[in-house]
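Please read this briefing alongside the sequence and the 3D view. It goes through charges, cysteines and backbone geometry in turn.

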Amino acid sequence: MKRIGVDVGGTFTDFIYVDDDGKIEVYKTSTTPHDPSIGMMEGINAICDKLNIKHNEIQEIFHGTTIATNMVLEHKGARAGMITTKGYRDIIHIARHKRPTNFSIVEDIPWQKYPVCQRRDRYAVSERVTAPDGAELIPLNEDEVRAAVRKMKAEKVEAIAVCFLFSFLNPAHEQRVKEIIKEEYPEVYISVSSEVLPQFREYERFTTTGLNAYIGPTTARYIKQLEMTLKEQGYTAKVHLMQSFGGVASAKAARKKPVNLLLSGPVGGVLGAIWTTKLTGINNVITLDIGGTSADISVLADLKPSMKHLLDTKVGGYSAMVPMIDVGTIGAGGGSIAYIDEGGFFRVGPQSAGAVPGPACYDRGGTEPTVSDANIILGRLGRKLLGGRMTIRPELAEKAIMDKVGSPLGQDLYEAAQGIIDVMNNNMIQEIEKESVRRGFDPREFALFACGGAGSLHACSVARELGMKNVIVPLNPGALCAVGLVNTDLMYDFSKTEMQLSTNANLEGLSNDFAALEKKAYERLTEDNMTDDNIVIQRVADCRYEGQGYEMRVPIIGGDVTDETIEKLKDSFHEIHKKQFGRAFRDVAVEIVNIRVIGTGAIENLEPIEIEKGNGDISAAVIDERQVTFKVDGKPKHMTTKVYDRTKFKAGDVIPGPAIINQMDTTIVIEPDCVGNVNDYGVIVIDIND
């Protein structure tokens, strides 16, 4: 099988090709922000040309994209309308009366300043079903629905969200509205809450469904256009898109529910890190994925990703109550801009030079000093990037740094450049502490996994400050998200609200509801041509103690739900709660809030390949020697440093620091007093010495 993984980032687009013969090819192009598919097709075609592969020989393309996330962050989604229950028109405006910053009197609240559905496009109609069983209290007024749809059509609304109170208990009214919309306005994009998020909490359900409508038309067009472009150029590969909870979806499923693509970009890196770390024998890692615009951080205890709580899954300030792997993100990347703020403080990021105009040294019109410019001045980056395809101009980096940072602070060039790196590293150290120490994890018990185009430039410094003993650098760190893409499975999540206490659970009802969700998952996977041999159905429940406001995920055994099932669920919940919070309350009833079925379609994973054994002589890998600046005793110090070609290393090779290791998709910095060790699979594990 021939597969290509594509990860579209803010500055670069990463590619990896793999096949059953063990062939791996990594490629990188600049992202084309105005149309990401241009850069994507350029890279796919370049790989095929280089390897002399016919376009129709590629069988699967795995795609991670930021298009949905960027629309939300930049407030550039479609004009979306909403049809809701009379009296609930302003739910998505009122929210929960909770401001992001409690004591600010000038803060712009994103969901109010930039609503996903403008108030003039929200229509309330007569209907009502009631809790706890979804009985109809007020029939749906179809005339009001038709009038609302016709008005939205006249106003050229591009998408319609349908959000009724208690529709998670009885979706009949929402489904009828969907039928009416198709009759009156068949070309509009439709987002129905009972399909997008059939769970309680009306604000989160309404805003998630609204977000799905807001990003739906553009995302659907992008995916459709991508499929058409691939077909026109002779590709017959199936397209899969990465989702925020760790699996990929078919192009058809992603068009229907694009809200699952939000924040899916960093997830590929997490999955790639898990796959790679298993080759090292290390069990605990913290990922540091630094790209051109941001740094993504995830704590993987026992190599297991944790999921964000559904009330904490936010994008740009908007609640998006969809499953997401827990990844922290800060504005710290190679393109992060260094500047002196109005108060005279030296800052780096979160503003980024992006792909265009990019860092000053790229010679694309950028004039602001960035982290990449600082790394150029310090000698950590050479004059050629992307395997020689990009030429760097250090004199432009020097001018930008001195004009904007060095001269204003009274520092020389190297002090200013080192200062930029120090501030950047400190930003990441604080975020790692936030994601680990504040959650009860000691980073000294973890290795730092360096990935992204810039991760291995900074990893040794960051790890040393945190007291970590090892840094892991994968074979293709700059394309690790793409590696994660080709190593993931098809995955779909289906849920239903239950609200049942363990003391009097409706066993038959739970059994029937689980069976119904499992049927949906099975049907979706068989639509994607998955066979029974490749399908795995997993049950989980969102549980909490009676009276709590937050739930935790608990796995459940299959088959009919019995008293024994409930007892095992309770025991599992107590243990999970104790592990997370340090205590359990075994005399308190457990409430089953939501049940959830995760359907997985297994796709053949990438097999690791052992590299040739070495004899301990690494002199053949040396390609250059230059002055590189490192921080010694608090001051920049120039040190003669060997530069190596990573492709020439063999298993068992030991690389003493200081050292610079070049490869197409990244540059690795091994600091003084550190030692790099190449394992049997080409992964470099760096020992950090105090």
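A residue is called buried when its relative accessible area is under 20%, exposed when that area is over 50%, and partly exposed in between. D90, with a relative accessible area of 23%, is therefore partly exposed. The model shown here is predicted. The points below are grouped by topic.

**Salt bridges**

- How many salt bridges does a search of the whole structure find? The search finds 42.
- One of the pairs is K28 and D14, whose side chains meet with an N to O distance of 2.5 Å. This pair links distant parts of the chain, since K28 is in strand β3 and D14 is in strand β2, 14 residues apart. K28 has 5% relative accessibility and counts as buried. D14 also counts as buried, at 8% relative accessibility.
- D90 forms a salt bridge with R122, and the closest N and O atoms are 3.0 Å apart. Here too the pair links distant parts of the chain, with the two positions 32 residues apart in numbering. D90 sits in the loop between β5 (80-85) and α3 (91-94), while R122 is in strand β6 (residues 122-125). The partners differ in exposure: D90 is partly exposed, whereas R122 is buried at 3% relative accessibility.
- R544 forms a salt bridge with E551, and the closest N and O atoms of this pair are 3.2 Å apart. R544 is buried at 10% relative accessibility. E551 is buried as well, with a relative accessible area of 8%.
- A network of salt bridges links E142, R146, R150, R176, E179, E183 and E184.

**Charge on the surface**

- Which residues gather in a patch of negative charge on the surface? They are D20, D21, E604 and E607.
- D21, one of the residues in this patch, is found in the loop between β2 (12-18) and β3 (24-30). Its relative accessible area is 73%, so D21 is exposed.

**Cysteines**

- A disulfide is a covalent bond between the sulfur atoms of two cysteines. The structure holds zero disulfides.
- Why does C451 not form a bond with the closest cysteine sulfur? That sulfur, in C481, is 6.6 Å from the sulfur of C451, which is too far for a bond. The cut-off for a disulfide is a sulfur pair within 2.5 Å. C451 is buried, and its relative accessible area is 1%.
- For C460, the closest cysteine sulfur is in C674, at 4.6 Å. This distance is also too far for a bond. C460 counts as buried, at 2% relative accessibility.

**Backbone geometry**

- Most residues other than glycine have a negative phi, and most peptide bonds are trans. The next points list exceptions to each of these.
- A cis peptide bond joins G349 and P350, with omega about 0°. P350 lies in strand β19 (residues 346-352).
- The peptide bond from G657 to P658 is cis too, and its omega is near 5°. P658 lies in the loop between β30 (654-656) and β31 (659-663).
- K156 is not a glycine, yet its phi is positive, at about 60°. This residue is found in the loop between α5 (142-154) and β9 (159-163). Is K156 buried or exposed? At 63% relative accessibility, K156 counts as exposed.
- M499 is another residue other than glycine with a positive phi, near 55°. Where is M499 found? M499 is in strand β24 (residues 490-501). At 32% relative accessibility, M499 counts as partly exposed.

**Sequence separation and distance in space**

- E465 lies in helix α14 (residues 455-466). E465 is exposed, with a relative accessible area of 61%.
- E465 and L165 are 300 residues apart in sequence. In space they are 51 Å apart, taken from C-alpha to C-alpha.

Key
Residues numbered from 1 in each chain as written. Predicted model: local features only at pLDDT ≥ 70, side-chain atom pairs only at ≥ 80, totals over all residues. Heavy atoms only, no water. Patch = residues over 30% accessible without salt bridge, like charges linked within 9 Å, V, L, I, M, F, W, Y side chains within 5 Å. Areas by Shrake-Rupley, 256 points an atom, 1.4 Å probe, with all protein chains shown as cover. Salt bridge = Lys/Arg side-chain N within 4 Å of Asp/Glu carboxyl O. Lys, Arg positive; Asp, Glu negative; His and termini not counted. Charge placed at Lys NZ, Arg CZ, Asp CG, Glu CD. Helix = DSSP H or I, 4+ residues; strand = E, 2+ residues; numbered from the N terminus. Buried < 20%, exposed > 50% of the residue type's maximum accessible area, 1.4 Å probe, protein only.
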